[in-house]
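Reader: I would like a close look at a single part. Please pick one helix, then show me its setting.

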Amino acid sequence: MDIRRYDMIVIGAGPAGLSAAIEAAKHGVKPIVFDENARPGGQLFKQIHKFFGSKEHKAKIRGFKIGEELLAEAEKFGVEVVLNATVVGLYPDKEVTVKIGEEIQHFKGDSILVATGASENMVNFKGWTLPGVIGAGAAQTMMNLHHILPGKKVLMLGSGNVGLVVSFQLMQAGCEVVALCDAAPRIGGYGVHAAKVARCGVPFYLSHTIIEAEGDEYVTGVTIGEVGPDWKIIPGTEKHFDVDTICLAVGLSPMSQLLDQAGCQMKDTRGGFVPACDAEGQTSVPGIYAAGDVSGIEEASSAMIEGRISGITIAEYLGFAEKEEKESRISELEAQLDTLRQGMFAPANRGKKIEKTEEGIAISENLLVKGFVSDEEIGRFPGVTKQRKIHPVMECTQNIPCNPCQDACKRGCISIGSNITSLPVVDKEHECIGCGLCVASCSGQAIFLVEEDVEPGYGEVTMPYEFMPLPVVGEKGIACGRDGKAVCDCEVTKVRTSPAFDHTNLLTIKVPNDMLMKARFYRAKKEAAYD
Amino acid sequence: MIDIRQKLEEIGAFEPHADDGLLVCRCEEVTKGEIRKAVHEGIFTIEEMRRYLRNGMGLCQGQTCGRLVKSIMAAELKETPDYVEPASARAPMRPIEMEILGKDQGGAYE
């Protein structure tokens, strides 16, 4: 009976852990990766939406596809992944105890990378223990991994990217999202994610929180109310909704206990209890590293880069890579990471209210509170131009690190430039042919094609559409505005799908010319009604 | 080192609130009122609170309530959450059957 020794032990087979193991294995390190789950990939396989960023960040690729690519790469480089393996202890001398099957096994690593990720935060309100109150992550697991609907009518608490993305996915799965509320006065996530949810007709209640989940055996309703400056409910502002599910997306906390146990110096921050570590993930204990959400909450794209940085650092630490090799690879990776940390939502800007874009354009106030840019505000953004002939209308109004639209347009109609966070600009010199590749490439589903006078008095709007069943050509329905309210009757004139669009279908509707800058969503007649 | 007596004086006596019955730690059924009251009995750290009320000692090991308990304690102490010292992390990090733990002889099984 002995302790098994490995060059590198990775705890957690999510985006950070797998990336680190791959990077180290490329240099000859033999890593072993433990994960307590039955499937590798961490949260990646629940992410069915397209990711943001640039080509090198795998932008416009859906999260689960990135997960598949990562697993294939891990296999190619001989990374050993042990599943259903729960690490129960990590000690300063780099010994790891793992529950595998019905036994505790002991391992010793010359290096350890902790990439255990994060867990969802909870909030307390009357009735929060009723069945039907679930985390947004749990809702995603049910829908996207197990294909089970979490409920029929859902209220979402939390307007960060998780709350927004999961609300949209709930609707894609066939749930009704009755409202999205957040105690904060402004929407926390990307405006484009909020806009996607708002145009489906979901009302946003900012400065609102849950007072009570109702029901005896399970959730049958919820009451929310407006919070005042003292965070207390303002009497008389209560609103009731009949729901069977309350979804909570109120942030994540790093699962850093193993690092604490190993004697790593820890920091108690507003973002949770995290290890003190350098830019390469080295903690205060030599040979123990941390990468991904466990060292501070970000998202999967940055976790993968952080993992790679720790991976090459470990390879050098163990003598598998030269110092120069490490340094050049790290500078390349750090440049990628820096790009992701630019813009309005950069970690450095957390909690700050940004009034203007980098271009000096006033941010849409309506977007921050209601979830959509108003008809009056939309015209001031550079992606929105008025032309008679077909052209893209890019309702991208916040500086986020993302540029697939620029590469998507082969005609040169769309320009972002070298600064990845710049708002896309329509270049009128180049002629749009209406191919729709930009529409499908936009991870924020914020690009539309607009053409006036396809027949007297009528024009066409082409929109990204990711709902089933797909409408059919000739179908008569209702066009909805950015706020999700019906604006006019319309007819479906084109439905395009293509492998190049990767499941973002292009739906073209015919509306009166004066509705071309208003109509942004389509509903079949029976579901929609005018106010 | 916190002067417990001075701090207790500073925060005043325990006052009942309408939401004292709210469950915070569902694994061990510990309420908000119990946690607030314990603070007035001189429990200022998570470690002590866990031993005193058993919050965070159940199946999820405080994964759900840990942050909430910290903020309830901090509010009661009129401080920010980082004032409340976290609990030590110990093995086993995840719930594990005694039967399995008992078989552990310090090595790997082939």
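Author: What follows starts with one helix and works outwards.

A word on the ground rules. The model is predicted: local features need pLDDT of at least 70, side-chain atom pairs count only at pLDDT 80 or more, and totals for chains, interfaces and linings use all residues. Residues are numbered from 1 along each chain as its sequence is written, while chains are lettered from A and ligands numbered from 1 in the order in which they are written.

Take helix α5 of chain A, residues 191-198. Helices here are DSSP runs of H or I with at least four residues; strands are runs of E with at least two; both are numbered from the N terminus. α5(A) is mostly covered, with 8 of its 8 residues buried. Buried means 20 or more other C-beta atoms within 10 Å of a residue's own; 12 or fewer is exposed, and anything in between is partly exposed, with C-beta atoms placed from the backbone. The buried set opens with Gly191(A), Val192(A), His193(A) and Ala194(A). Ala195(A), Lys196(A), Val197(A) and Ala198(A) complete the set. So a lysine and a histidine are among the buried residues.

What covers them? The cover includes helix α4 (161-173) and strand β10 (176-182) of chain A. Strand β11 (204-206) and helix α9 (365-370) of chain A are also included.

Now the domains. Chain A is divided into domain 1 (4-119 + 252-340), domain 2 (122-248) and domain 3 (375-524). Those bounds come from an automatic or database domain assignment. The centres of domain 2 and domain 3 of chain A, taken over C-alpha atoms, are 29 Å apart. Their contact takes 12 residues from domain 2 of chain A and 16 residues from domain 3 of chain A. Two residues are in contact if their C-beta atoms, placed from the backbone, lie within 7 Å. α5(A) gives the largest share of the domain 2 side, 6 residues. By class, that side has 6 nonpolar, 4 polar and 2 charged residues. Nonpolar covers Ala, Val, Leu, Ile, Met, Phe, Trp, Tyr, Cys and Pro; charged covers Asp, Glu, Lys and Arg; the others, Gly among them, are polar.

Step back to the chain. The secondary structure of chain A comes to 12 helices and 28 strands. Its radius of gyration is 24 Å, close to the 24 Å that the globule rule gives for 531 residues, so chain A is as compact as a globular protein of that length. The radius is taken over C-alpha atoms, and the rule is 2.2 Å times the number of residues to the power 0.38. Buried residues make up 53% of the chain. Of contacts in chain A with a separation of 6 or more, 64% join residues 24 or more positions apart.

Two backbone details stand apart from the helix. Trp231(A) has a positive phi near 65 degrees. Trp231(A) sits in the loop between β13 (221-226) and β14 (239-241) of chain A. Trp231(A) counts as exposed, with 9 C-beta neighbours inside 10 Å. The Met468(A) to Pro469(A) peptide bond is cis, with omega near -5 degrees. Pro469(A) is in the loop between β24 (458-465) and β25 (476-480) of chain A.

Last, the partner chain. Here 29 residues of chain A are in contact with 26 residues of chain B. On the chain A side, β6(A) gives the most, with 5 residues.
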